[in-house]
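Biologist: I am new to this structure and should be grateful for a close look at one part of it. Please take the salt bridges as the subject and set out how they are placed.

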Amino acid sequence: MLNTAIKAARRAATVINRASFDLDRITVSEKSHNNFVTDIDQASEQAIVETLLKAYPDHAILGEESGPTANLNDDSEYVWIIDPIDGTTNFLHGYPNYCISIALQQRGVITQAVIYDPVRNDLFTATKGAGAYLNDKRIRVRNPDRINKALIGSGHGAEPRDLAEYLRMYEVVAPRCHGLRSSGSAALELANVAAGRVDGYFEKNLKIWDIAAGSLLVTEAGGIVGEFNGESEYLNKGDIIAAGPKVFAGMVALLKPFA
């Protein structure tokens, strides 16, 4: 199943890379304030879905653009969760920080994860219980002993209220960590936590396709993923902190008032 997801991600990357050479020809629609979808998002998702269903025609799909397939219900054993381009705004501007995210949820548990960065040709993979990998090399989270040594990733939604709350969180976290970064791709930032490129990540009001694959990468790399209060319903609620154990504890202490 992991190999099928990798095949699907690489096929989608071919669509995305071809389009990246001529961004002016992309058709863009605004789903909500500053929340865009392109015909390339849709073509990428179609390539992924076709690849997955060719191998597993009975599996259910939950895609950001196409939504749920007709067979997705509470009894679905296998559900593929897809974000065809996480970081669409970056992609539209030619800013090289976006990725493809594919996760498999089996009976409510994420068991397979693929995040592919087509710009850097970085392939992040994880299977539950078998570790996390970047380009076939085992990866681990970094775990500084104090949050003031940690580089933290973050992000915020497009709505003005999301920005206002993020700025309040920024004022709390930024003075107490080594640095705070916002890259515009939740999935890729979670992959970077797993790879030890950043030491933690937080964001509110995300969708399951933003975080499903990345959350498995982090836990399989030795990290902890939870809500702002430390609880574990992040896939359903969309508020997430991800980090090594010591940094996670420090982030929860700072961000719990925003839960």
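Modeller: In this predicted model, a suitable starting point is the salt bridge between E165 and K204, whose closest N and O atoms are 3.3 Å apart. E165 belongs to helix 4 (residues 160–173), while K204 sits in the loop between strand 13 (200–203) and helix 6 (208–220). The pair thus joins distant parts of the chain, 39 residues apart. As for their surroundings, E165 and K204 are both buried.

K204 has a further partner. It also forms a salt bridge with D239, and here the closest N and O atoms are 3.9 Å apart. Since D239 lies in the loop between helix 7 (234–237) and strand 15 (240–243), and K204 in the loop between strand 13 and helix 6, this pair ties together parts that are 35 residues apart in sequence. D239 is buried, as is K204.

The salt bridge of R11 with E50 may be set beside these. The side chains of R11 and E50 meet with an N to O distance of 2.9 Å. R11 is in helix 1 and E50 in helix 2, and 39 residues separate the two, so that distant parts of the chain are linked here as well. With a relative accessible area of 39%, R11 is partly exposed; E50, at 37%, is also partly exposed.

The two helices that carry this pair deserve a description of their own. Helix 1 (residues 2–20) packs with helix 2 (residues 39–55) at an angle of about 155 degrees, and the axes are 8 Å apart. Because angles over 145 degrees count as roughly antiparallel, helix 1 is described as roughly antiparallel to helix 2. Their crossing is right-handed. On the side of helix 1, the contact is made by T4, A5, K7, A8, R11, A12, V15, I16 and A19. Helix 2 contributes I40, A43, S44, A47, I48, E50, T51, L52 and A55. R11 and E50, the partners of the salt bridge, are therefore among the residues of this contact between helices, where contact means heavy atoms within 4.5 Å. Sorted by class, the contact has twelve nonpolar, three polar and three charged residues.

Elsewhere, D145, R146 and K149 are linked in a network of salt bridges. In total, the structure holds eleven salt bridges, including those of K204 with E165 and with D239, and that of R11 with E50.

Terms used. Residues are numbered from 1 along each chain as its sequence is written. This is a predicted model: local features need pLDDT of at least 70, side-chain atom pairs count only at pLDDT 80 or more; totals for chains, interfaces and linings use all residues. Side-chain values use heavy atoms; hydrogens and water are left out. Axes are lines fitted to C-alpha atoms, for helices over the stretch in contact, and angles run from 0 to 180 degrees between N-to-C directions. Helices (H or I, at least four residues) and strands (E, at least two) are DSSP runs, numbered from the N terminus. Angles under 35 degrees count as roughly parallel, over 145 as roughly antiparallel, 65 to 115 as roughly perpendicular and the rest as oblique. A crossing is left-handed if the near helix is turned anticlockwise from the far one by less than a right angle, and right-handed if clockwise. Ala, Val, Leu, Ile, Met, Phe, Trp, Tyr, Cys and Pro count as nonpolar, Asp, Glu, Lys and Arg as charged, and the others, Gly among them, as polar. A salt bridge is a side-chain nitrogen of Lys or Arg within 4 Å of a carboxyl oxygen of Asp or Glu. Buried means under 20% relative accessible area, exposed over 50%, partly exposed in between (1.4 Å probe, protein chains only).
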